[in-house]
Each structure stands twice: as C-alpha cells, then as structure tokens.
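This report describes selected local features of the structure shown below. Backbone geometry is treated before side-chain environment.

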Amino acid sequence: MAEPKKSKLKTVGLFFWDPQSKKCMGRTGMSWLKLVAFYIALYVILAAVWSSFFLLFQQTISDRYPKWRLEESLIGTNPGLGFRPQNPPEKIDSALISYRLGPKSDYQHWIDDLSNYFELSKRRNASHKEDCSSERDMDAYCPFDSSIIPPECTAAQNFSFSIGKPCILIKLNRIYGWKPVPYEKRPPNYPKDAPFSPNAIQITCDGQNDFDKEHVGPREYHPLIIDTKYYPFYNQPGYQSPFVMVQFKEPKYNTLIYVECKAWAKNIVHDRINRRGSTSFELFIEKPNDHQP
C-alpha cells in the first residue's frame with residue numbers, strides 16, 4: 001500500500017524539478033526568463049499608457065474651476081436649498097426633525113449639529129481674503145457675519161429648541177459663477193405674511209398644505225434677507241455660504257408639520273418635485289400633557 005504513495009510523491013517532485021530535462025514546472029530556465037520579461041514589459045507599457053492618459057486628463061480639469069458651468073453643467077442655473085440640523089448618519093435619508101420637551105428631552109443632537117456648522121463657519125471666516133466690493137477678484141469673497149444672528153438662535157440658548165421654538169438654518173446650495181437677480185418689488189405669488197425687502201434674496205418658510213399652514217405658527221427670519229454681495233461663488237478658499245435662521249415661534253406640539261422653505265429671486269424657479277429653489281422637512285415637537293389649543 002505504501003508503493004503507490006511513493007510514486008505519486010515522486011511524480012509531484014518531478015513536476016517541480018526534473019533533473020534529466022532540467023525543467024521547473026515544465027519550463028526551462030530560459031523559458032521562465034522570457035516569460036517573466038514579457039510580463040514585466042507588458043505591465044510597464046500598460047502603466048505608461050495609463051499614466052499618459054491620466055496626465056492628459058488632468059490637463060483638462062481643475063481642482064477649483066469646473067469645466068462645465070451654469071447652463072453647460074448638469075447642475076444648471078437654478079440653486080436648491082439646504083437646511084440644518086441634519087439627521088445622524090444612520091437616518092441620513094430622513095428629513096424629520098423630531099424631539100421631546102420636558103424631563104426626558106432629547107434635542108441634544110440637533111443642537112450639536114447646528115453648533116458644529118456655526119463653528120465651521122467661524123473657522124472658515126478666520127482666514128479669508130475679504131472684499132465686499134462689486135469689482136473684487138475671483139480669490140476674494142464677502143464674508144457672512146454670523147454674529148448678526150440674535151441670541152435665541154445661537155448655541156448659547158440652544159437655538160431655542162429647549163423652549164419649543166426651534167431655529168432652523170436655511171441656505172442656498174452653491175453653484176459656481178451663479179449670480180442672483182433679485183426682485184425690485186414683491187412678486188405676485190409671494191407669501192402674504194412673510195416680510196419682503198427689494199434687491200435681495202428672500203427666504204420664506206410655510207406649511208406645505210392647509211393643515212400644515214394652520215399649525216406651523218408664526219415665523220421670524222434672522223437676517224431678513226440674503227444680500228447679493230455674497231455672490232458669485234468661485235470656490236474661493238474659506239468661502240462660507242450665507243444663511244437665514246428661521247425661528248418657529250409657536251408650532252403646534254404633538255403634531256407632524258410638513259414645512260416647505262423657498263428662496264426668492266427672478267432667476268430662481270420653484271419645483272417641489274425636483275427640489276429646485278426650495279427644500280422641505282418635517283417638524284414634530286412632543287410635549288407631554290400639552291393642552292395647547
């Protein structure tokens with residue numbers, strides 16, 4: 001029974017090295033040398049071709065300036081809106097801002113998210129090339145001063161989440177080279193209860209439907225406008241988008257409210273489905289034993 005086993009081992013050994021033909025795994029030393037040389041040459045050529053195309057591609061793009069801009073780009077010329085605070089990563093697809101008041105309050109995440117955004121804006125504004133003139137070069141920008149935000153919409157007072165009057169940050173998404181064309185007078189479909197100032201971008205928030213409009217309550221805007229001096233955006237180092245803090249003064253507690261916010265300018269079109277010129281979120285404030293009418 002041992003002999004077959006020896007012959008198999010011998011066969012395997014001869015495959016790896018045959019002393020008679022001086023072959024290793026069926027190839028002579030010269031054959032192996034040619035094979036290795038071939039693959040070295042092949043991969044060197046492939047690396048050279050790939051590097052050449054990569055360097056050529058790098059010449060056509062810039063880390064700072066997009067090749068396709070405004071009408072030529074997929075983004076286009078109609079900015080969307082963004083809001084803060086955002087949900088944690090595990091709920092990134094949700095637009096629900098929900099928290100509880102009272103002894104078992106759970107609004108700390110929302111405060112932390114807004115605080116982090118404010119801190120980021122301060123760090124960016126600490127080193128910038130400031131110029132608010134209309135003739136500034138492309139490396140300079142007009143900084144947004146977050147100190148104009150009143151205390152009730154700052155971290156010092158928990159952005160008023162703790163008193164059930166939350167402040168939500170609304171900002172325009174960036175589009176390279178986009179310049180707003182503001183209204184000189186109130187447009188026909190502008191919300192009647194919202195403040196209006198000519199020659200500036202306006203932000204308004206309201207309930208999406210009649211039920212939501214009934215329960216969203218009055219809103220205050222800080223600041224009232226977004227000045228056109230903050231535009232255009234040219235990806236300047238340290239640039240920070242201007243924003244408006246919208247405070248919901250008396251939202252209906254224990255009620256899910258669908259909120260829609262819009263930016264207003266002549267060259268901003270509103271499209272709820274594609275989220276052009278607007279953004280939406282849900283607001284739910286739980287207050288135990290609340291007897292709010």
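In the loop between which two elements does F159 lie? F159 lies between helix 3 (108-125) and strand 3 (167-172). The model under discussion is predicted.

**Positive phi values**

Most residues other than glycine have a negative phi, and most peptide bonds are trans. F159 departs from the first of these patterns: its phi is near 55 degrees, a positive value in a residue other than glycine. S160, likewise not a glycine, has a positive phi of about 65 degrees. The loop between helix 3 and strand 3 is also the place of S160.

Are F159 and S160 buried or exposed? F159 counts as buried because its relative accessibility is 0%. S160 is buried as well, with a relative accessible area of 1%, which lies under the 20% limit for that class.

**Cis peptide bonds**

Two peptide bonds that precede a proline are listed below with their omega values.

| Peptide bond | Geometry | Omega |
|---|---|---|
| R84 to P85 | cis | near 10 degrees |
| H222 to P223 | cis | about -10 degrees |

Where are the two prolines placed? P85 is in the loop between strand 1 (81-84) and strand 2 (96-100). P223 is found in the loop that runs between strand 5 (219-222) and strand 6 (225-226).

**A buried acidic residue**

D212 belongs to helix 4, which covers residues 210-215. This aspartate is buried yet has no salt bridge. What is the distance from D212 to the nearest side chain of opposite charge? That side chain belongs to R272 and is 7.9 Å away. A salt bridge requires a side-chain nitrogen of Lys or Arg within 4 Å of a carboxyl oxygen, so the separation of 7.9 Å does not qualify.

Which residues, then, are in contact with D212 once its neighbours within four places in sequence are left aside? They are G207, L256, I257 and Y258.

**A residue of helix 2**

Y39 is located in helix 2, which spans residues 29-58. With a relative accessible area of 39%, Y39 is classed as partly exposed, because this value falls between the 20% and 50% limits. Along the chain, Y39 and N267 are 228 residues apart. In space, the C-alpha atoms of Y39 and N267 are separated by 58 Å.

Key
Residues numbered from 1 in each chain as written. Predicted model: local features only at pLDDT ≥ 70, side-chain atom pairs only at ≥ 80, totals over all residues. Heavy atoms only, no water. Helix = DSSP H or I, 4+ residues; strand = E, 2+ residues; numbered from the N terminus. Buried < 20%, exposed > 50% of the residue type's maximum accessible area, 1.4 Å probe, protein only. Lys, Arg positive; Asp, Glu negative; His and termini not counted. Contact = heavy atoms within 4.5 Å.
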